[in-house]
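Biologist: Please show me the structure, and then let us go through it by question and answer.

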Amino acid sequence: MSISGEKFNLFWTKAMPEVSAFINAMVPDFHQAQDLVQEVAVVLYEKLETYDETRSFTAWAIGIAKNKVLESRRRRVNRPMIYDTEVIERVAGICADMAPQLAERMYALDNCTKKLSLIGRMRKVFLLRYQSGLPPRMIAGRTGINVNNVRSMLCRIRDDLRKCIKDTLKKQEAV
Amino acid sequence: MTDYKELLDQYYDGELTSEQEAELHDWLMKNPANIETFIYEGQLHSRLSMRSEAESFEERHGMPRRWWNSRALAVAATLMVLAGLCTSYYLYNSNIAVLTSFSGDVYVISSSKPADAFEGKRIYSGNQVLCRNGGSEATITCRDGSSLTLGPRTELSFSVSHGQYQSHLSSGSVSAVIKKQDNRRPFIISTKSAVATVLGTELSLFAGDSSTSMEVEKGLVRIMRLADGKKVEVPAGQSVVDAKDVEFEPVNWQWSDRFRGGDGSGGAGGEIKEVSLDNGWLENIKDKPDK
């Protein structure tokens, strides 16, 4: 691995959680968001020579991610996004400063996601929503389950997860 | 968060209308804490997508799902319990008797491997009990309470099939006190030349290479000569001998006692006196050729 490759790995490993958080917030489509994260990584690697090491790599990376989000807005408009540049700026600014909270929260989130118990119809709805990326209306059409029930099932999954995260964070704080 | 949870869900579910988008925009611009919530929600939805991807990967590669795993564990546990029960049931059923007392050189043979006898040794279906020399003796108590006392130089094998005891006396002598048996499943004691069917009685059976002798103290025993299939019923106080030149008919004990050259203590109503072929009990009877 070249010197720049090693350096990039070091920087990217540190910045990736914030960059992902920003992109995941701005791009609700998971697969589209994943693609964007990869695209950002490629750009960062290509432009590494131009990076000013006196500045924050994460801030620089989020700056590039912001441009990528705006670019994707022109490319794909099949899913809603918060298009307002001011909102994008604000979200990017906060993301760059929330590394410690994000790390703590991601740890709780990972643990809680593993604990989720999904069976029967709930699991079917969950997979159609998050694996196939279908919105509740289409899930209702596909499964024959009333759309409000689909929404409430998804809501229950998310609420369980939120509650678990909250409890985990509380326990961490207590420790 | 409580007020805007639904709005955020709709945003991430791709169901936001233009009006709701404007509403969300205003909410985000109002407070930096709202933006933090917005970011956290993005992470939450992203992790749920990752979880679904992982499930899909596991399914594609034949890996059990987490919830299925717990079911598999439950099924495995149930199967193990059932296997345990079946084994216990099998062992209980195959453990057909216990060696209650013995003296001399006595062995219990299973799968052709002789094992030293000890009091309380379990005898399983298919085992053989061997009293090897002249001074050896063993008493076996069956699960139903019947008991068999093996004399010296005796070889007796045991089995149980569908609740029916079957024992084969290859050589030597056995005195048996058989508890009442089910009519459909009598206790069978066979020798090389005869088969005794017992429904509950006290008897003694003596087996040579080609001869059999039986004395009945209580009850009634049906015995069949294998050579010609002739059956006779032997009541209490009588005996029968299956040997060359001897009529296959029940006779009083006193008759057989003559062969023993005994003192009459084995007479009707008395205790069964065990005598083995090797003691010359049938010394006057010439063995028939094998039938």
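The exchange that follows takes up the helices, the chain contact, the cores and the strands in turn.

Modeller: This is a predicted model, in which local features need pLDDT of at least 70 and side-chain atom pairs count only at pLDDT 80 or more, while totals for chains, interfaces and linings use all residues. Residues are numbered from 1 along each chain as its sequence is written, and chains are lettered from A and ligands numbered from 1 in the order in which they are written.

Biologist: How many helices are there in chain A?

Modeller: Helices (H or I, at least four residues) and strands (E, at least two) are DSSP runs, numbered from the N terminus. From that terminus on, the elements of chain A run α-α-α-α-α-α-α-α. Strands number zero in chain A, and the helices number eight.

Biologist: At what angle do H6(A) and H8(A) pack?

Modeller: Axes are lines fitted to C-alpha atoms, for helices over the stretch in contact, and angles run from 0 to 180 degrees between N-to-C directions. Helix H6 (residues 120-130) and helix H8 (residues 147-174) of chain A have their axes 10 Å apart and pack at an angle of about 90°. That makes H6(A) roughly perpendicular to H8(A), a term for angles of 65 to 115 degrees. The value asked for is thus about 90°.

Biologist: Which element gives the most to the side of chain B that touches chain A?

Modeller: Two residues are in contact if their C-beta atoms, placed from the backbone, lie within 7 Å. By that test, 32 residues of chain B are in contact with 34 residues of chain A. Helices H1 (5-12), H2 (18-30) and H3 (32-60) of chain B each give two or more residues to the side of chain B that touches chain A. The most, 19 residues, comes from H3(B).

Biologist: Which helix of chain A gives the most to the largest nonpolar core?

Modeller: A nonpolar core is a set of buried Ala, Val, Leu, Ile, Met, Phe, Trp, Tyr and Cys residues joined through C-beta atoms within 7 Å. The largest has 53 residues, and A:Phe22, A:Ile23, A:Val91, A:Cys95 and B:Ile39 have the most contacts inside it. With eight residues, the helix that gives the most to this core is H1 (residues 3-26) of chain A.

Biologist: How many residues of strand S16(B) are buried?

Modeller: A residue is buried if 20 or more other C-beta atoms lie within 10 Å of its own, exposed if 12 or fewer, and partly exposed in between, with C-beta atoms placed from the backbone. Both faces of S16(B) are covered, with B:Gln238, B:Val240 and B:Asp242 buried on one side and B:Ser239 and B:Val241 on the other. Strand S16 (residues 238-242) of chain B is therefore largely enclosed by the rest of the structure, and its buried residues are five of the five.

Biologist: Which strand pairs with S16(B) over four bridges?

Modeller: Two strands pair if DSSP finds at least two bridges between them. Two bridges join S16(B) to strand S17 (residues 251-252) of chain B, and these run antiparallel. B:Glu215 stands opposite B:Ser239 in S16(B). The strand that pairs with S16(B) over four bridges, in the antiparallel sense, is S13 (residues 212-218) of chain B.

Biologist: Is B:Thr139 buried or partly exposed?

Modeller: B:Thr139 lies in strand S6 (residues 137-142) of chain B. Beyond its neighbours within four places in sequence, B:Thr139 is in contact with B:Thr100, B:Ser101, B:Ser147 and B:Thr149. With 17 other C-beta atoms within 10 Å, B:Thr139 is partly exposed.

Terms used. Parallel < 35°, antiparallel > 145°, perpendicular 65-115°, else oblique.
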